[in-house]
Amino acid sequence: SSSASSDVDGFIGCLSAGIPPSLIHTPAANSYSSLLMSSVRNLRYVLPGTTRPLLIVAATEPAHVQATVVCGRRHSVRIRTRSGGHDYEGLSYASVDPDQHFAVLDLAELRAISIDASRSEAWVGSGATLGELYYAAAAANQTFGFPAGNCPTVGVGGHLSGGGFGALSRKYGLSADNVIDAVVVDAEGRLLNRSTMGKDLFWAIRGGGGESFGVVLSWKVRLVAVPETVTVFSIRRLRNESAVDLITKWQAIAPALPRDLYLRVLVQNQQANFVALFLGRCGGLVDTMRGHFPDLGMTERDCQEMSWVKSTVFFFYNTADRPTEVLLDRRSANYYLKVKSDHVAEPIPRQALEGIWTKWLEQPEAALIMLDPYGGRMGSIPPSATPFPHRHYLYQFQFFSFWFENGTAALERRLSWVRGVYEDLTPFVSKNPRAVYVNYRDLDLGTNELEGNVTSYAKARVWGEKYFKGNFKRLAAVKSMVDPDDFFRNEQSIPPLPAAK
Ligand code: FDA
């Protein structure tokens, strides 16, 4: 907590020396609420009782970010960096701890994208959204793609910091696997790039989760090759058709499919929706599905051929009947949200899936369940190559509960549904520790406590090893090197590694 010692007036005075006053939004300003809400995705973290920022800096230049860090340190005001605001636990704009006083450093205006088509590379500002990146890549060349998430309003800054998984990951890995340089403002307010930040910090920012190591201003990424025409399908099966059988088989089949085929399952309203992206034409997809998964009964009639960029529209809206320009729309639906996630190493037996369906999926609080296959490139990257260690699982599970009605009753029902199903899955999912992807932030796993003036490493291991396994210690060692005073801190930031005794 910094409440006791923060000097907010001094902080504002210091900021004003380097940042135009119109970019510093205090709660007294009319602009404060709309700016705060501009990229809030989880309404749970704007309910009364959550701590709001002391002020918001809407940076438009790297120097504004440097000034915010320097002034924050000088006047003991902590900073939460926000790029796209999609953190599941609202960590970029709110705190559940009333003693955590902080300013939000909003990067939405730092979203330039410049493409070097001859080298298939791009520099992307952290404030850009995935949709803006997809759109810009395709506008430069229809055969450019980028492996990242399936939701176009997710911010590049948080997403690449935590990994970045999506429809191209079986072929090309995570977003973070395709980062080749980055510009970071460190805890001293210095601007660093790959060669000046050193190997360890460059390793840590590519998957170690946002906030802990500094503020990443921009990323140089490798654009990947996609064909001019790709094919998608969405095939729904009801429970009393064959949904449970198909999911049972899908568990072993999907991770072993050729890398050009990504086949996920969305379970909602008692239906399983099998959604595919194939990097090729309809004919090739039909052949592949017949060879690997005939039971799904996919035929030519299910094919929808389109450009890759259009497929990113399809993956979010479940229809391609929208112009590609929807990718540029930064607004997104607001709802109350709780997500828990897991990984699966061995197919769950049919009977167990049937039992879970009977007990949980018929309830009105049932969440959207997403099953996303790994395998392919995901499984061929060593777990220590980046902080993201969960490379060898068959697939990831997400219980994505979102609702629109306010009130504690609705909240409690949803939370207990998600937590209950997570508990019941214990025998069938990852173990020792439960493996969780840091971009699916979950404060149920544990939150930080202080030991002296810094975050406790021993306490943080409880949640940290679930996200990072053996990489957690290395992340803490990097933290000790780059931010030994633990300035960049939140409920689940990486703690400095205590000196060996
Ligand atoms: P936000 O701005 O909230 O930041 C997240 C965290 O990173 C915060 O702790 C923040 O302080 C920190 N941070 C942000 N910018 C930073 C910067 N520039 N430098 C340092 N730290 C920074 N994931 C996935 O892999 N695949 C998917 O398909 C999806 N889909 C999806 C859909 C929806 C609707 C949501 C809400 C989320 C997802 N995600 C996802 C999860 C997503 O990848 C994750 O929430 C990202 O961290 C979001 O990045 P933002 O910049 O939007 O978040």
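In the predicted model, helix H5 makes the largest contribution to the shell around the ligand, supplying 3 residues. The shell comprises 32 residues in total, and the closest to the ligand are Thr 81, Ser 83, Ser 92, His 159 and Tyr 437. Sorted by class, 18 residues of the shell are polar, 11 are nonpolar and 3 are charged.

Several contacts to the ligand involve polar atoms of the protein backbone. A backbone N or O atom of Thr 81 is placed 2.6 Å from a ligand oxygen atom. At Gly 158, a polar backbone atom lies 2.9 Å from an oxygen atom of the ligand, and at Glu 211 a polar backbone atom lies 3.0 Å from a ligand nitrogen atom. On its own the ligand has 960 Å² of accessible area, of which 95% is covered by the protein. Two or more residues of the shell come from each of strand E3 (78–82), helix H5 (156–162) and strand E10 (215–222).

An unreviewed UniProt entry annotates residues 49–226 as "domain: FAD-binding PCMH-type". Across residues 49–226, helix accounts for 25% of the chain and strand for 24%, while the C-alpha atoms at the two ends are separated by 47 Å.

Strand E3, which contributes to the ligand shell, also belongs to an open sheet of 4 strands with mixed pairing, arranged in the order E1-E2-E4-E3. Strand E1 (24–25) and E3 occupy the edges and each has a single partner strand, so one side of each lacks a neighbour in the sheet. E3 and strand E4 (residues 102–106) run parallel and are joined by 5 bridges. Within this pair, Ile 79 is positioned opposite Ala 103 of E4.

Antiparallel pairing is found around strand E12 (residues 230–238). E12 is joined to E14 by 8 bridges, and the two strands run antiparallel; in this pairing Arg 237 stands opposite Ala 272 of E14. A further 3 bridges connect E12 to strand E15 (residues 304–306), again in antiparallel orientation, with Val 232 opposite Gln 304 of E15. In general, the strands of a sheet pair through backbone hydrogen bonds, either parallel or antiparallel.

Two features of the backbone geometry were also noted. Most residues other than glycine have a negative phi, and most peptide bonds are trans. Asn 269, a residue other than glycine, has a positive phi, near 50°. Asn 269 is located in the loop that lies between strand E13 (261–268) and strand E14 (271–278). The peptide bond from Asn 432 to Pro 433 is cis, its omega being near 0°. Pro 433 is part of the loop between helix H14 (408–424) and strand E19 (450–451).

At the level of the whole protein chain, 16 helices and 20 strands are assigned. The radius of gyration of the chain is 22 Å, close to the 23 Å that the globule rule gives for 501 residues, so the chain is as compact as a globular protein of that length. Along the principal axes, the C-alpha atoms of the protein chain fill a box of roughly 65 × 50 × 50 Å.

Definitions and conventions
Residues numbered from 1 in each chain as written. Predicted model: local features only at pLDDT ≥ 70, side-chain atom pairs only at ≥ 80, totals over all residues. Heavy atoms only, no water. Near = heavy atom within 4 Å. Polar contact = N/O pair within 3.5 Å; in protein donor to acceptor, adjacent residues only side chain to side chain. Areas by Shrake-Rupley, 256 points an atom, 1.4 Å probe, with all protein chains shown as cover. Nonpolar A, V, L, I, M, F, W, Y, C, P; charged D, E, K, R; others polar. UniProt positions renumbered as here; feature names shortened; annotations may be inferred. Pairing = 2+ DSSP bridges. Rg over C-alpha atoms; globule rule 2.2 N^0.38 Å.
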